[in-house]
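Welcome to a short set of exercises with worked solutions. Keep the sequence and the 3D view open, and try each task before you read on.

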Amino acid sequence: MDDLVLAGIVLFGASLQWMTGMGFALVAVPPLVLLLGPSEGVVLTNCASGIICLAGLAQGWRRVRVGAMVPLCTAAICTVPIGARLTATLPEPVLMTVMGALVTAAVLLVMYGARVPALRGRKGAVAAGGLGGLMNSAAGVGGPPISLYAINAGWTVREFVPNAFFYGVVVNIFSVAAHGPPHLDAERWVWVVGALTIGMMIGRTFSGRLPENRARWLVLALALAGGMLALGKGLWRL
């Protein structure tokens with residue numbers, strides 16, 4: 001049963017990520033953390049998200065703004081080890097509480113399209129990239145700071161998606177390297193890889209059919225519910 005639940009989470013998150021350019025980590029982290037524990041849930045999210053981003057980047061790499069991505073990615077690489085250290089040292093209830101709070105806060109900020117003057121220009125890119133790297137390796141959710149940077153930089157969705165994929169590839173490679181691969185048996189890896197593949201195929205099939213605004217709010221609503229659930233469970237166990 002746990003394998004079916006795991007596959008369902010991965011499949012659903014992968015399809016949303018492919019359709020909207022965001023969503024896998026936001027939707028998948030809370031249930032994966034509840035199912036596998038904080039450390040394994042985070043690193044599996046990093047692995048799966050990195051694969052999805054790499055597949056998406058293969059189709060849109062020509063639209064990547066390399067100059068804009070250098071400070072974002074460089075800052076993320078510097079903060080990834082700090083996040084990995086936090087995951088390795090914090091007690092599980094504390095870590096779950098922190099993850100739930102981060103997901104909940106990040107989703108609320110993105111929902112309301114927060115305008116943050118500090119997230120503009122090169123300094124803003126460094127701040128967003130550094131925070132994204134820390135959150136990605138500590139809690140598996142590095143996308144919201146990049147989304148907020150894109151909002152404040154005035155990027156369109158067409159501009160955001162390939163650059164988000166590029167950032168996702170870089171930050172997840174370094175996050176997995178910092179944590180080490182997830183400790184799953186061969187059977188579970190089969191379920192995960194199969195769910196990822198099918199999820200990306202579903203996402204590709206329905207990409208553009210679901211209204212962009214509706215898809216975005218679906219992702220954020222599910223992520224908010226999951227974040228609050230993880231936060232509640234973490235607080236209960238403190």
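Among contacts in the chain between residues at least 6 apart in sequence, what percentage join residues at least 24 apart? Keep in mind as you work that this is a predicted model. The share is 86%.

**Exercise 1. Describe the overall build of the chain.**

Step 1: Look at the secondary structure. The chain holds ten helices and zero strands. Read along the sequence, the pattern is therefore α-α-α-α-α-α-α-α-α-α, with helices counted as DSSP runs.

Step 2: Look at burial. Of the 238 residues in the chain, 53% are buried.

Step 3: Look at the surface. The chain exposes about 10900 Å², and carbon and sulfur atoms supply 69% of that area.

**Exercise 2. Find the salt bridge and say which parts of the chain the pair links.**

Step 1: Recall the general idea. Side chains of opposite charge can pair when their charged atoms come close.

Step 2: Search the whole structure. One salt bridge turns up. Its partners are R188 and D3, whose closest N and O atoms are 2.8 Å apart.

Step 3: Place the two residues. R188 sits in helix α9 (residues 186–206) and D3 in helix α1 (residues 2–20), so the pair links distant parts of the chain, 185 residues apart.

Step 4: Are the partners buried or exposed? The cut-off for buried is under 20% relative accessible area. R188 has 17% relative accessibility, so R188 counts as buried. D3 also has a value of 17%, so D3 counts as buried.

**Exercise 3. Work out the surroundings of A195.**

Step 1: A195 lies in helix α9.

Step 2: Because its relative accessibility is 4%, A195 counts as buried.

Step 3: Leave aside neighbours within four places in sequence. A195 is then in contact with A7, V10 and L11.

Step 4: Compare sequence with space. A195 and S15 are 180 residues apart in sequence, while their C-alpha atoms are 9.6 Å apart.

**Exercise 4. Identify the nonpolar cores and the helices that build the largest one.**

Step 1: Start from a general tendency. In soluble globular proteins, nonpolar side chains tend to be buried together.

Step 2: Count the largest core. It has 22 residues, and those with the most contacts inside it are M69, L72, I146, Y149, W155, F160 and Y167.

Step 3: Which elements give two or more residues to this core? They are α3 (38–60), α4, α6 (121–139), α7 (143–153) and α8. Helix α8 gives the most, with eight residues.

Step 4: Check for another core. A second, separate core of 20 residues includes V42, L95, L220 and A230.

**Exercise 5. Decide how well α7 is covered, and by what.**

Step 1: Eight of the eleven residues in α7 are buried, and the helix is mostly covered.

Step 2: Name them. The buried residues are P144, P145, I146, S147, L148, Y149, A150 and N152.

Step 3: What covers these residues includes α2 (24–36), α4, α5 (92–111), α6 and α8.

Step 4: Look just past the end of the helix. There G154 takes a positive phi of about 75°.

**Exercise 6. Examine P71 in α4.**

Step 1: P71 is found in helix α4 (residues 66–89). Its relative accessibility is 9%, so P71 counts as buried.

Step 2: Not counting residues up to four places away in sequence, P71 touches R122, A125 and V126.

Step 3: The C-alpha atoms of P71 and G129 are separated by 7.2 Å, although the two residues are 58 residues apart along the chain.

**Exercise 7. Follow helix α8 and compare the exposure of two of its residues.**

Step 1: Check its length. α8 has 23 residues and reaches 31 Å from its first C-alpha to its last, close to the 33 Å expected at 1.5 Å a residue.

Step 2: I173 lies in α8 (residues 157–179). Because its relative accessibility is 54%, I173 counts as exposed. Together with I77 and F174, I173 forms a nonpolar surface patch with about 260 Å² of accessible area.

Step 3: A178 is also placed in α8. A178 has a relative accessible area of 39%, so A178 is partly exposed. Leaving out residues up to four places away in sequence, A178 touches V80 and A84.

Step 4: Just after α8, G180 takes a positive phi of about 90°.

Notes: Residues are numbered from 1 along each chain as its sequence is written. This is a predicted model: local features need pLDDT of at least 70, side-chain atom pairs count only at pLDDT 80 or more; totals for chains, interfaces and linings use all residues. Side-chain values use heavy atoms; hydrogens and water are left out. Helices (H or I, at least four residues) and strands (E, at least two) are DSSP runs, numbered from the N terminus. Buried means under 20% relative accessible area, exposed over 50%, partly exposed in between (1.4 Å probe, protein chains only). Contact means heavy atoms within 4.5 Å. Patches are made of residues with over 30% relative accessible area and no salt bridge: like charges are joined within 9 Å, nonpolar side chains (Val, Leu, Ile, Met, Phe, Trp, Tyr) within 5 Å. Accessible areas come from the Shrake-Rupley method with a 1.4 Å probe; for residues, only the protein chains shown count as cover. A salt bridge is a side-chain nitrogen of Lys or Arg within 4 Å of a carboxyl oxygen of Asp or Glu. The expected span of a helix is 1.5 Å times one less than its number of residues. A nonpolar core is a set of buried Ala, Val, Leu, Ile, Met, Phe, Trp, Tyr and Cys residues joined through side-chain atoms within 4.5 Å.
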